[in-house]
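Me: I'd like to learn how to read a structure like this one. Can you walk me through a few features?

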Amino acid sequence: MTNSSVLDIRDLTVAYHQDGQWLNAVHDVSLKIHAGETYGLVGESGSGKTTLVLAAMRYLGSGGSIRSGEIHLGDIDLMSLTEEELRQVWGRKIAFVPQNPQSSLNPSLRVGEQLVESINPQGELSPREAEKQALEWCAKVNLPDPERMAESYPHQISGGMQQRLLIAMALSTDPDLLILDEPTTNLDVTTQVVILDLLNDLIRENEAGVLYVTHNLGVIAQICDRVGVMYASEVVEEAPTHNLFSQPLHPYTQGLIDSIPQLGDTRESIQLRAISGQIPSIGKSPSGCVFRDRCPVAIEICSTRPPLYQVGESRTSRCHRWEEIVNSEIDIHQPSPGRKPTQSGDQDGPLTLETNDLSIHFPIRRSLNEVFSRQPSKSVKAVNQVDLGISPASTVGLVGESGSGKTTLARGIMGLEKKSDGSIELLQIPLPEKLFQRDLETLRLMQIVFQNPHEALNPYLPIGETLQRPLIRLAGLSNEEADIKVRELLELVRLSADYAGRLPSQLSGGEIQRVALARAFAANPELLILDEPISSLDVSVQAAILNLVNELQSDHHNSMLFISHDLSIVGYLADQIVVIYLGSLMEITGPEVLFQPPHHPYTEALLSAIPQADPNIKSSPIHLAGEIPNPADLPSGCPFHTRCPRYLGEICATTTPPWQVDQKTGKRIFCHIPLEELVANQIQIDISSAAKP
Amino acid sequence: MSRFILRRLGFLTLTVLLTSLLVFIVTQWLPGDVCRIILGREAGQGAIENCRLELGLDQSLPVQYLTWLGNFLTGDWGISFSTGLPIYPIVMDRLRNSLMLTLVALIISVPLAVALGVAAGLNENKPIDSTVSVGSLSVVGLPEFVTGLVLIQVFSFGLRDLGLPYLPANSSIPPQSTFLEALPMLILPALTAMLVLLAYISRLTRAGVLEELKQPYVRTADLKGLPRRNVIVKHVLRNALLPTITVIAISIGWLISGLVVIENVFNYPGLGRLMIFAIDRRDLPLLQAVIMVTVLGFALANLAADLLYGWLNPRIRLE
Amino acid sequence: MTSFPETNSIETGAAPSRWRRLSLVVRKLYSKPVTAIGTTITVIFILIAIFGPLIAPYGENEILASEARQPPSIDHWFGTDNLGRDVFSRVVLGAREILVLAGVGTILAVISGTIFGLLTGYRGGWFDEITMRTFDSLLALPALLLALLLLGTVGQSKYSILIVIIIVYTPIVARVVRSVVLAIKPQGFVEAARLGGESQSRILFREILPSVLPTLSVESALRFSYAIFLVASLGFLGVGVQPPSPNWGLMVKEARVYAGLVPWALFFPALAISLVVIGVNLMADGVKRIIGSQGQG
């Protein structure tokens, strides 16, 4: 590492003009990035991290303005440049990779042309030379068939390919500074890991400085050299990655690390500590230390603004009490939740929910052409022959990537999608197929919490009325009884009684999901389906919801189907983990043996791909070839055979695999490969020492 | 793309058929006995019977509809009640006049409207934007007969009173006029139509430009270091102008309504005046022919716009 | 996964009351000069329509033969027309005719369009298919043409104009409502209501309808201005309204013949139409802006 910095930001303050006053989105931030260094900026949404990186390029929207501070890019003083001069810097000196690849590419230009534009923004190269370089870059970021790729339009290629293209565009001018704004956040883990590895290789090659923005501590731990933690418009702590994870020097950093379950954590082994309270909205942070109203160790002095304390050579912290933290004199962990979640109730007895051979296919309308040429009608095969059982009072975690059919399966069970084949039994009674055929009692027995808090509650009904409805309609209470019960429900999800009179727009995302949970629990259902209930929430409020779910279940002994794309969360919460790929179940396993071979090859890839929030673990992720196939054109035999790294041969492509049961671990695996062979070839996945049982 | 074209064609056929059914029901069935209308109240029962037989009114409704539709498609549009002349040549002559006027109106308004909309969108909240916005909001509200009369006052009577060369207030061109002969008389009606179109198209173009400016790919283009001009032309306008094709197609519907009024303001012998004539005389065969021709024209304009849009939009072209 | 911004719930009180929301809307309508002007014009014309007979010094068809073709004066603010009728009185009394016809027509069209839109959007299936195809074929005729077709055949009277407005605008309103319903229907809170065993009428009117209202109010304001436009245009074309009705469009048509002699008889009704349509348009644009900004935050 050299001493020369590629980016040097000093005392930067950025504000937005709103209702006649300036609100700081970035307050007094300094940071330095050296050549060849990868600097991670971690923060939740609303922390100001995106504003900071846009300001670092002096690219702010109309409302935002840099109020004070300096930005140096190498020896260029960015603040002194005109817009014309800035355009000379953008692209060549600083390159930017955005968050949403889909919307960041022009839909009506061929991708080759867009790449050429980056290589040759002001037209100095000959078109032929630029095109040649564009094709080279396609190959460098491992895009298959560069010539054909260059001729494609963005909508014709997958999200992963689009992001590779944006990376190629950014690196093609050999910039001094590369800024990545959550570049893998919208991608699946198996795609994310391919992009991260690619980035790692290219960055090493280029010797550029990298500013990597993310909310994902795992990604930070795996690829960054140094980390800045951002909270409420300020950088509250900065440290080399190793030190940050081994001893955080700011209570917020500690809270962030504690609030997400790591791979290998289970609810018996570890308690999540949620950060109390909420992130202040922009311009509304408390005076003095911005974290003091959520801090477990805040004292009187914290009402004055802490300076940036220099700790040793390489660390800084904006906490007045950093010395006490270094000397371990105070405990900066958030208080643990009231009680330890326990294994809930008796799990024996007949299954609460059982599906047999359940398939859900959506027919695709045939065009006239196809009708005339007598082509068979096609359908999207979202869920295929699923056998799923949920025991009383137990939690089944269903994990799969986008497009795996996990949400369709849940909706099929609830009666929101029509099943094509198979049966669904609730408490051993077959469920009518259509929603309107189900009587009120059946409806009462099963409830669901949806993913998106924006749409979970009727924006025009007060919370009280929303909660009253299932009480009146399903539980058969009178209006007065329901009124009383609403207060109890609010208390159950830790909201005060006056929330009954509020409208959803007055609630935060976390609070809305609490209300949605309360509504689902209102009529005391036997089966509760939670469809990614926390994936839209900020990291620091996720833990509180997970704890609440745990607690409610252990009190009410409901059965639960918890759906997530995140294996760490499912592993933490579930009694049984079910892995789904392309509408078919791949593996059923207990959380305690999740890391032990044998694994289904898909589960193995999934496990290896998760970036773990522990810089000591250097994982060796398995890259899956190609893209997830179109569910309208399901591969024959094993649905995973087109991408399987352990492809056996013809049998995988022609014959449906058997369900093999491993005697030692009790795992059930949908695969042709003999289990002994899997055990012999697979290694135990390394998990954080703290999480080991 | 071929699938897209087929679907559009199918949709067009269905819509036109349904509309023709509607026109049939409203003009043939709702008004009651057509023979009574033709022959008048005093006609004897025998004459009425004869007439009904002659017009095929003794047959069932579906048969009547199919016969009517078949006749329409083969150009047999019948005889006008009020003039006793065959309808087809009259309507075709008026159609030609209306098309001339439409063409002139579109040629002068579309480029101007799009340019104004783009200028306003790129300069949001600046004076030019406010002027275009408020201007279009007020003009869009003025009925065509008001704007038409104002234009006549200014460019015809006003200029004449000042002793300057002036435009004719009356546009009743003789039958079979060539385009060049008609042109001077087309200017005022076309200007009136322009005001209506201008407001409508420029507002929607402005909205389209503003929408595109917010797109993340514009940021990508900026941060590549492209010159601002390139960003605007290649990234913003290319995407913003695509939907204006649809806007223009919709505005043709406006234009048709507007032209009915404008033709009556200026006494211009187009379909719109013919339509009012037919209504005044209760000449139902003439009315249905005029309406069907207009419907067909509007539908074809929409189809053309759809196809152009699909062809220019890679997401549809490469479906 | 996109994150949900954790906003502090600043307003911790109960949901604002209806009155407070109404006064908020009024205040917002008056926060931008252009919208304020539009709203004021609209309100003034509505007042004129209500109190017209109290304001007008003469009856709408009262002929003062000796005072024909008088220019504007103290006695006759807008002058008198070719027959000796007071133009000011006719313009004032015409406000009621045009606003009532357009207003009632719009309200009825909005009601029927909303019902169709809710049902087609929520139920889908063949009912949706047939209804929307029918509406499409109605929309294949530009509004004025459809009106002319109906008036030309069914017969010409005030009531037929009312029916025409309903038939012309129902499909448009239904389409707008339907598209909102289609966007709302798959949202969590609607599905939760279905899973909560709620009746269809409660889901339509209590769960879905409130989310449709903002769009619907913008659409209603727009429809109202088009309806005024349509009634005036029909008057000018002499279809549907017969002399001596004080329809402003008809007044313009009649006065054109004598424009050289009594230009004021042409000018004032034309001005009235222009003012009221521009006023309603500006107000509609303001409503749209307010509702748009509420949608964002």
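Reply: Sure, here is a short tour of domains, a chain contact and a sheet, and bear in mind that the model is predicted.

Me: Let's start with domains. Which domains does chain B have?

Reply: The assignment splits chain B into domain 1 (2-73) and domain 2 (87-317). Their centres, taken over C-alpha atoms, are 33 Å apart.

Me: How many residues of domain 1 of chain B are in contact with domain 2 of chain B?

Reply: Contact here means C-beta atoms within 7 Å. By that test, 14 residues of domain 1 of chain B meet 14 residues of domain 2 of chain B. On the domain 1 side, helix 1 of chain B gives the most, with 10 residues. By class, that side has nine nonpolar, four polar and one charged residues.

Me: And what about the two chains, how many residues are in contact there?

Reply: People often give an interface's size as the accessible area lost when the parts come together. Here we count residues instead: 27 of chain A touch 20 of chain B. The chain A side has 11 nonpolar, 13 polar and three charged residues.

Me: Now the sheet in chain A. In what order do the strands run?

Reply: Eight strands make an open sheet in chain A, ordered 6-7-8-3-9-10-12-11, with mixed pairing. Strand 6 (94-97) and strand 11 (309-311) of chain A each have a single partner strand, so one side of each lacks a neighbour in the sheet.

Me: How do strand 11 and strand 12 of chain A run, parallel or antiparallel?

Reply: Antiparallel, joined by three bridges. Look for A:Q310, which stands opposite A:T316 in strand 12 of chain A.

Conventions
Residues numbered from 1 in each chain as written. Chains lettered and ligands numbered in written order. Predicted model: local features only at pLDDT ≥ 70, side-chain atom pairs only at ≥ 80, totals over all residues. Domains from an automatic or database assignment. Helix = DSSP H or I, 4+ residues; strand = E, 2+ residues; numbered from the N terminus. Nonpolar A, V, L, I, M, F, W, Y, C, P; charged D, E, K, R; others polar. Pairing = 2+ DSSP bridges.
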